[in-house]
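Got the structure open in your viewer? Let's walk through a few selections together, one stop at a time.

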Amino acid sequence: MKIVIAGGSGFLGTALSRALTARGDEIVLLSRGVATASRPAVIWTPDGTVGPWAREIDGADAIVNLAGEPMAGKRWTAAQKQRILDSRVLATRSLVEAVHAASRKPAVLISASGVGVYPDSEGIVDETSPAGTGFLARVCVAWEAEARNAESSGCRVVRLRTGVVLHRDGGAIQKLLLPFSLGAGGPIGSGSQWWGWIHRDDWVRMTMWALDTQAIAGPLNVCAPEPARNRDIMQALGRALHRPAVIPAPAFALRILLGDVADDMLLASQRAVPRVARESGFRWTFSELQAAMDAAVSPAA
């Protein structure tokens with residue numbers, strides 16, 4: 001297959017591109033940066049319109065949309081919130097407009113989202129659950145709505161609602177390696193909040209499965225079968241690193257340091273379960289938290 005990937009140079013996109021290339025797919029990366037000999041890419045401007053890059057969409061078999069401003073790393077000022085929203089909505093709109101304009105349209109659009117679409121609650125949520133009302137939920141709702149516009153062109157659309165991805169190369173685990181190595185790791189806030197989680201290898205496998213499985217469409221929770229409380233995830237990380245996990249990061253300090261990021265991304269509870277994947281026969285390599293964490297932080301990972 002010819003697969004166009006937007007945002008393919010990041011933590012998840014790099015692993016996905018590697019796996020797709022290994023199985024023989026032709027990969028075209030859309031990049032806002034400069035292409036290099038080691039990382040060839042087609043330059044695009046994801047501003048809600050189409051450009052010369054759109055010729056890659058015409059005749060492609062599939063699109064994977066992972067583009068967007070990083071959620072973490074900067075305080076959520078009003079301007080940063082707008083960048084986060086615009087980067088996702090406009091990039092998705094550009095891709096959908098390219099689909100509409102194509103003479104031979106891709107069969108499927110796999111578009112990123114997150115379990116942050118769900119409300120902050122203790123209850124179990126799956127793909128049938130309503131959306132929340134916080135900033136992160138509103139971003140996911142707008143992001144997914146743009147992707148769904150491709151359906152009018154006959155394109156199958158899968159919305160990947162990804163949980164916390166476990167791997168030492170990026171995401172939350174990469175940020176936690178230093179404090180844990182210094183013996184300063186522990187639960188975030190009370191540690192009682194639920195996190196849907198998935199090993200990166202399973203994220204790649206589930207994304208490829210969604211690409212290949214005609215029956216999969218709509219929202220797809222990309223997480224392991226059993227969510228875990230934050231304190232249990234931190235304890236699993238401590239055991240994997242042979243370090244203690246007893247020093248909590250107080251909620252009030254996180255709110256002072258990070259503002260809304262703390263409440264929406266770190267302290268919120270989303271007990272997301274992958275109902276669609278489970279009922280459709282997907283099989284996880286890492287369904288047990290400790291085994292997943294051990295593999296995620298292994299130097300060979």
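How many disulfides does a search of the whole structure find? Zero, in this predicted model. Just as a reminder, a disulfide is a covalent bond joining the sulfur atoms of two cysteines. The cut-off used here asks for two cysteine sulfurs within 2.5 Å.

**Stop one: the cysteines**

Select C155 and C140 and look at their sulfurs. For C155, the closest cysteine sulfur is the one in C140, but it sits 20 Å away, so that's too far for a bond. Now show the surface around C155: its relative accessible area is 3%, so it counts as buried.

Next, keep C140 on screen and add C223. The closest cysteine sulfur to that of C223 is again in C140, this time at 13 Å, which is also too far for a bond. C223 is buried too, because its relative accessibility is 0%.

**Stop two: a pair of helices**

Now select residues 230–241, which is helix α6, and residues 289–297, which is helix α10. Their axes are 9 Å apart and the two pack at an angle of about 50°. That angle is why α6 counts as oblique to α10. Turn the view to look through the pair, and you have a right-handed crossing.

Time to switch on side chains. Which residues meet here?

- From α6: D232, I233, A236, L237, R239, A240 and L241
- From α10: L289, Q290, M293, D294 and V297

Colour that contact by class and you'll get eight nonpolar, one polar and three charged residues.

Conventions
Residues numbered from 1 in each chain as written. Predicted model: local features only at pLDDT ≥ 70, side-chain atom pairs only at ≥ 80, totals over all residues. Heavy atoms only, no water. Axes fitted to C-alpha atoms, helices over the stretch in contact; angles between N-to-C directions. Helix = DSSP H or I, 4+ residues; strand = E, 2+ residues; numbered from the N terminus. Parallel < 35°, antiparallel > 145°, perpendicular 65-115°, else oblique. Left-handed = near helix turned anticlockwise from the far one by under 90°. Contact = heavy atoms within 4.5 Å. Nonpolar A, V, L, I, M, F, W, Y, C, P; charged D, E, K, R; others polar. Buried < 20%, exposed > 50% of the residue type's maximum accessible area, 1.4 Å probe, protein only.
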